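Visitor: I am new to this structure and would like a close look at a single part of it. Please show it to me before we begin.

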Amino acid sequence: MIKQLLAKAGAGKIQVGIEVQSEGLAVVVCRDLLPQTESSDAVGGARFSPQISSTSVLLDASSNADRSAALATWVEKSGLQNAPCTVVLSNADYQLLLVEAPDVPEAEMRDAIRWRIKDLISIPVEKAAVDVFLLPADGARGGKTMAYVVVTELSRVSQLVAILKSSGLKLESIDIGELALRNLAYLFEPVGGESRGVAIVRLQEGRGVVSLFRNGNMYLSRQFQIQYGGGLLDDIPIDTFNLEVQRSLDYFERQMGQIPPSALFVCGENISEDKIPIDIVRGINVPVKYFDVAKLVSSDEGLESNMLHSCIAALGGSLREQVAADYEKSGGIKQ
């Protein structure tokens, strides 16, 4: 089926997104990113719709050897050899730090920051891969330039590169979950005019991440612990959810000087609309919405909501190049 879709859609537009998860790999094949029509039933006012060919979670692939074999088999069966791919790291694979950026030229920023963070990270700096993206100027106070720093082990990056190389996919970038969700948030940015931005909360077993985005940039991201089981019948702990999310929204508004976002979307492991009770809707000071991914994307195949939520970071990763191209066309400055 996927080979037929490739021939129909044109292989040049295919983008594969992969998220490394504890039990395997979440994979998404995106054919295109099309503008929504006014009559479309887009979720929450999204202006683009990802055209999805396939989503899947390759389970029983918890070791690197298992992942390599499972991915190579999936690529072969799907006819995706040489398809461009973005890999999204699992949260356990990296640290995300917010630090004051050193006053150096951009070309020297990464090296300068390596030594600034050497006492803040859990691995020796000489064994770390470091990347940097700046916080937008209007998100910092006191005239300081702030930067997010992503730190992961060099050996981990080498392992992932080897897995992708043996799979037959063409690795174009390695990303983090927060920036993969940023690509999804961008779909809700208005055309022209001032954006209020959106917040996205992703819940997985035992933890959550709340991130705030505006104009294609990430302003804030906080991880928190929560006793959410991640199962079909597990409820969201209301008090913890409201406390952690509202705390982040307050920081975004008061410390970063931003207006409240237009909406807060909730997604994650086995998250469904009926898991968002009225006490959460009333307990947060911005409109809280279920992230109905099934309505956001379109596909010739039936896609299950639970699977789409499990693959949501992989979906965001698959949109990286197309979102970047659209943002550049609009004249924005992308992180």
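Visitor: Which residues does valine 16 touch, not counting residues up to four places away in sequence?

Guide: Keeping in mind that this is a predicted model, one can say that valine 16 touches Val28, Val29, Trp74, Leu80, Ala83, Pro84, Cys85, Thr86, Leu169 and Ser318, with residues up to four places away in sequence left out of the list. One of these contacts, cysteine 85, stands opposite valine 16 in strand 4. To place that pair, it helps to look at the strands themselves: strand 1, which covers residues 15–21, and strand 4, which covers residues 84–88, run parallel and are joined by four bridges. In general, the strands of a sheet pair through backbone hydrogen bonds, in either a parallel or an antiparallel manner.

Both strands belong to an open sheet of five strands, whose order is 3-2-1-4-8 and whose pairing is mixed. Its edges are formed by strand 3 (48–58) and strand 8 (170–175), each of which pairs on one side only, and from one strand to the next the twist averages 25°. Helix 2, made of residues 64–78, packs on this sheet, where it touches strand 1, strand 2 (24–35) and strand 3, and its direction makes about 40° with that of strand 2.

Turning to the interior, the largest nonpolar core has 88 residues, and Val16 is among the five that touch the most other members, together with Ile18, Leu71, Leu169 and Phe291. Strand 2 supplies the largest share of this core, seven residues. Another core, of 15 residues, lies apart from it and includes Ile121, Ala128, Val130 and Ala147.

Definitions and conventions:
Residues are numbered from 1 along each chain as its sequence is written. This is a predicted model: local features need pLDDT of at least 70, side-chain atom pairs count only at pLDDT 80 or more; totals for chains, interfaces and linings use all residues. Side-chain values use heavy atoms; hydrogens and water are left out. Two strands pair if DSSP finds at least two bridges between them. Helices (H or I, at least four residues) and strands (E, at least two) are DSSP runs, numbered from the N terminus. Axes are lines fitted to C-alpha atoms, for helices over the stretch in contact, and angles run from 0 to 180 degrees between N-to-C directions. Contact means heavy atoms within 4.5 Å. A nonpolar core is a set of buried Ala, Val, Leu, Ile, Met, Phe, Trp, Tyr and Cys residues joined through side-chain atoms within 4.5 Å. Buried means under 20% relative accessible area, exposed over 50%, partly exposed in between (1.4 Å probe, protein chains only).
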